[in-house]
Amino acid sequence: MHEFLTAGIIGISLGAQYALLALGFTLIFGILGVINFAHGGFYALGGYVAYAAVSQAGLPFPLAVLVAVVATAALGALYERFLIERLVDDHLATMMLTLGLYLVISTSLLAVFGPQSPEFSFPVKGTLRAGTLYLPLENLVVLAVCAAAIGGLWLLIYRTDFGRALRALADDRRVAMTQGMRPGLLFPLAFGLATGLAGLTGALVTPILALSPSAGDPVLVTSFLTVILGGLGSIAGAVVAALIVGFVEAYASVYLGGSTGALILFVTVLVILLARPTGLFGREIRGA
Amino acid sequence: MPGIAKRSLAASAFALGLVLAGGAAAQTACEIKLGALGPMSGPAAQWGLAMLGAAELAAAEANARGGLQVGSQRCSVSVLSYDTRYTAEGAAAGVNNLASQGVRFIIGPVGSPEVTGAKPVATRHRLLMFANSYAKNAIGPQWPLVFHLGPGPSEWAPPIVRLAKEQFGMRSVAIVAPNDQGGTDIASVDAEVYRRHGIAATEEYYQRGTTNFAPIVTRLLASRPDVVDTASSPPGDAGLIIRQLRQAGFTGPIGRLGGPGTEEIIRVAGGIDVVRNFYWYEVAPTEDPRVRAISDEYRRLLNREPPENTNMWLWVVGARMTLRAIERAGTATDTGRVAAALRELPVEDPNLGRGAWTGQSFFGINQELSLPFGMGMILDGRMVGVRRIDVSPQ
């Protein structure tokens, strides 16, 4: 029973982290139709910007996280505006552009910070304990931020004019443009919002896990898996899928081991996709 | 037309002759290209960069002496590197790439998957390779040009386990490592050594690329081990495993019978107080001033800071020995003769001291360069130091 409950707590923590990661990834596909292979790079970059802000600039951690969000959002917006925007309808070209950006980011981080993980720890220490159950306080903070980010994003997309404009562009760009929507302005903002979310996740999660130039490698795989399961482009799907991935990973790893656990996760996703090839919330995939 | 064709042919032959002659003239300035094959990016980058640093240092030392005397020629030494990203396919591609650039001697690769991928290709090109890795088949009689920078776990695990048992008195250990050859080959040898010392051992493997070890930690602790050993998990993974073990309430000692990286492990774990009680295999007696002098030599010759990972101190011996064997064999192209010279060289390094050729009993071939190694220990959050352990010849 102890293992069962512990696995449940771990599953929620994992799911929250995966949801934060998947949101940005699915947002870019949902609005621009671009699969952002640089997503993991923005995650790692967010971690390093926060690390540099704390260790070199001496900023308090919350401010460092804010700096990381702004930096990754700005880089994402500029990259979209000056490179992706020109080829936004060419799926192969945008894949290569984002993959290239990922290689540039990870190699630059390696050159600047070196291959070793730096000492970068979460400022909130301590663990809540109830008998043999435990929950690190840092995970609780990430859970809270994740819930706030998901709620904030939902409000932004579904309750503001900016969100309506983005959804209109995702739905039918040509019609939206005749109504006065400006993709040249809105697409970079959407891309920046998504990369800022990746930066936020990196800044929050890398002090809990580990920071290294290659920290983005597994992030890309997990994000891709989650959004495929949830339905590419669906915000609700990304959140639900992230929780499923988190719980399956936690329970399978605890009861079957690390190797078999990974296998079970992929088999579960495969079975769900066989039943619903468009993902759990596939109907919300962009139509443009 | 036939006349024109003949004249064209003659002119072409003359031009070709000039080019070849020019090439021959250029070759009188003899250059030996040393390949450095290993992970230069990704989670295992620090191991590969330590190896690259060692190859560059050995080349710089040789060049500072005016180059290598190879037969009647004085040859400079250069280093060409290739990033394998710690994969078998990357290593195989790297060997082809280096061979195409005229490399005949390779320092590396570092890890078991890479060595498995590189060996067949290197053998096809007849390249001499000085590899690391803890693979059970890292070297063998069927790979006469592949040498192993050792010793491997079969050599160093027994004395370390004996000393750890004396210190901590453990009766059970849970070993955790990645589920590929880089993890399973060493964890299974470690487990066998623990069992031979009367310690019950369980093995737990995880998918390489795992970012959160909380589920693995829960599973590890279910067997209530006295000690958890992180074996050859990359240092970043090992640090995170330790941190999450402590968060889960585990207070026992942590072992590490695997690759080096103690400084990074302590950083990622959250400090030496979190690590608290720790014993590990260290590739060299790192507190010996003669060993540390390698880093000073690196700064002096290459004018930059040496790689942090202590593996560099071991790799430099392999690179130096390879260059000495080239000089002794008097050839920079016949790798068979260089391999024969290498086998005859006494294992003695100005910095690491005296070692021995080993490997006959475990690998079936005496091509493992075994040098003194160390056992490090942290007790109650205090660095106790690295104890020197000498190897015996086979």
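**Exercise 1. Which residues does Ser117(A) touch, not counting residues up to four places away in sequence?**

Solution. Keep in mind that this is a predicted model.

- Step 1: find the residue. Ser117(A) sits in the loop that runs between α4 (91–113) and β1 (127–130) of chain A.
- Step 2: list the touching residues. From chain A you get Leu211(A) and Ser212(A), and from chain B you get Gly236(B), Glu264(B), Arg267(B) and Val268(B).
- Step 3: look for a polar partner. A polar atom of the Ser117(A) side chain lies 3.0 Å from the backbone oxygen of Leu211(A).
- Step 4: check the accessibility. Ser117(A) has a relative accessible area of 2%, so it is buried, the cut-off being under 20%.

**Exercise 2. Compare Thr6(A) with Val141(A): work out where each one sits, what it contacts and whether it is buried.**

Solution.

- Step 1: Thr6(A) belongs to helix α1 (residues 2–32) of chain A, while Val141(A) belongs to helix α5 (residues 137–159) of that chain.
- Step 2: set aside neighbours within four places in sequence. Thr6(A) then contacts Leu133(A), Tyr134(A) and, over in chain B, Thr218(B). Val141(A) is in contact with Phe122(A) and Val124(A).
- Step 3: Thr6(A) has 2% relative accessibility and so counts as buried. Val141(A), at 27%, is partly exposed.
- Step 4: try a long-range pair. Val141(A) and Leu204(A) are 63 residues apart in sequence, yet their C-alpha atoms are 8.9 Å apart in space.

**Exercise 3. Take two of the UniProt transmembrane spans of chain A and describe their helix content.**

Solution.

- Step 1: pick the spans. The unreviewed UniProt entry places "transmembrane region" features along chain A, including residues 91–113 and 223–247.
- Step 2: residues 91–113 of chain A are 100% helix and 0% strand, with end C-alpha atoms 33 Å apart.
- Step 3: residues 223–247 of chain A are 84% helix and 0% strand, and here the end C-alpha atoms are 15 Å apart.

**Exercise 4. How far can you trust chain B, and which stretches call for care?**

Solution.

- Step 1: start with the overall score. Chain B has a mean pLDDT of 90, and 92% of its residues reach 70 or more.
- Step 2: check the low stretches. Residues 1–6 of chain B have pLDDT below 50, with zero contacts beyond near neighbours in sequence. Residues 18–28 of chain B also fall below 50, and that stretch has two such contacts in the model.
- Step 3: place the annotated domain. The unreviewed UniProt entry gives "domain: Leucine-binding protein" for residues 31–357 of chain B. That span is 47% helix and 20% strand, and its end C-alpha atoms lie 29 Å apart.

**Exercise 5. Trace the eight-stranded sheet of chain B and follow the pairing from β4 to β15.**

Solution.

- Step 1: write down the order. The open sheet reads β2-β3-β1-β4-β5-β6-β15-β14 in chain B, with mixed pairing.
- Step 2: find the edges. β2 (68–70) and β14 (356–358) each have a single partner strand, so one side of each lacks a neighbour in the sheet. On average, neighbouring strands are turned by 30° against each other, direction ignored.
- Step 3: walk along the parallel pairs. β4 (residues 105–107) and β5 (residues 128–131) of chain B share three bridges, and Ile106(B) has Met129(B) as its bridge partner. β5(B) and β6(B) are joined by three bridges as well, with Ala131(B) partnered by His148(B). Two bridges then take you from β6(B) to β15 (residues 368–370), where Leu149(B) meets Leu369(B).
- Step 4: look at the faces of β6 (residues 146–149) of chain B. Val146(B) and His148(B) point to one side, Phe147(B) and Leu149(B) to the other, and all are buried.
- Step 5: add a helix. α3 (residues 88–100) of chain B lies across β1 (31–38), β3 (73–83) and β4, at about 150° to β3(B).

**Exercise 6. Pick out the unusual backbone spots in the loops of chain B.**

Solution.

- Step 1: check omega. Gly108(B) and Pro109(B) are joined by a cis peptide bond, omega being about 0°. Pro109(B) is in the loop between β4 and α4 (112–124) of chain B.
- Step 2: check phi. Arg126(B) has a positive phi near 55° without being glycine, and for Asn303(B) phi is near 60°.
- Step 3: place both residues. Arg126(B) lies between α4 and β5 of chain B, and Asn303(B) between α11 (289–302) and α12 (311–329) of chain B.
- Step 4: compare with the accessibility classes. Arg126(B) is partly exposed at 45%, whereas Asn303(B), at 70%, is exposed.

Methods:
Residues numbered from 1 in each chain as written. Chains lettered and ligands numbered in written order. Predicted model: local features only at pLDDT ≥ 70, side-chain atom pairs only at ≥ 80, totals over all residues. Heavy atoms only, no water. pLDDT = per-residue confidence, 0-100. Contact = heavy atoms within 4.5 Å. Pairing = 2+ DSSP bridges. Helix = DSSP H or I, 4+ residues; strand = E, 2+ residues; numbered from the N terminus. Axes fitted to C-alpha atoms, helices over the stretch in contact; angles between N-to-C directions. UniProt positions renumbered as here; feature names shortened; annotations may be inferred. Buried < 20%, exposed > 50% of the residue type's maximum accessible area, 1.4 Å probe, protein only. Polar contact = N/O pair within 3.5 Å; in protein donor to acceptor, adjacent residues only side chain to side chain.
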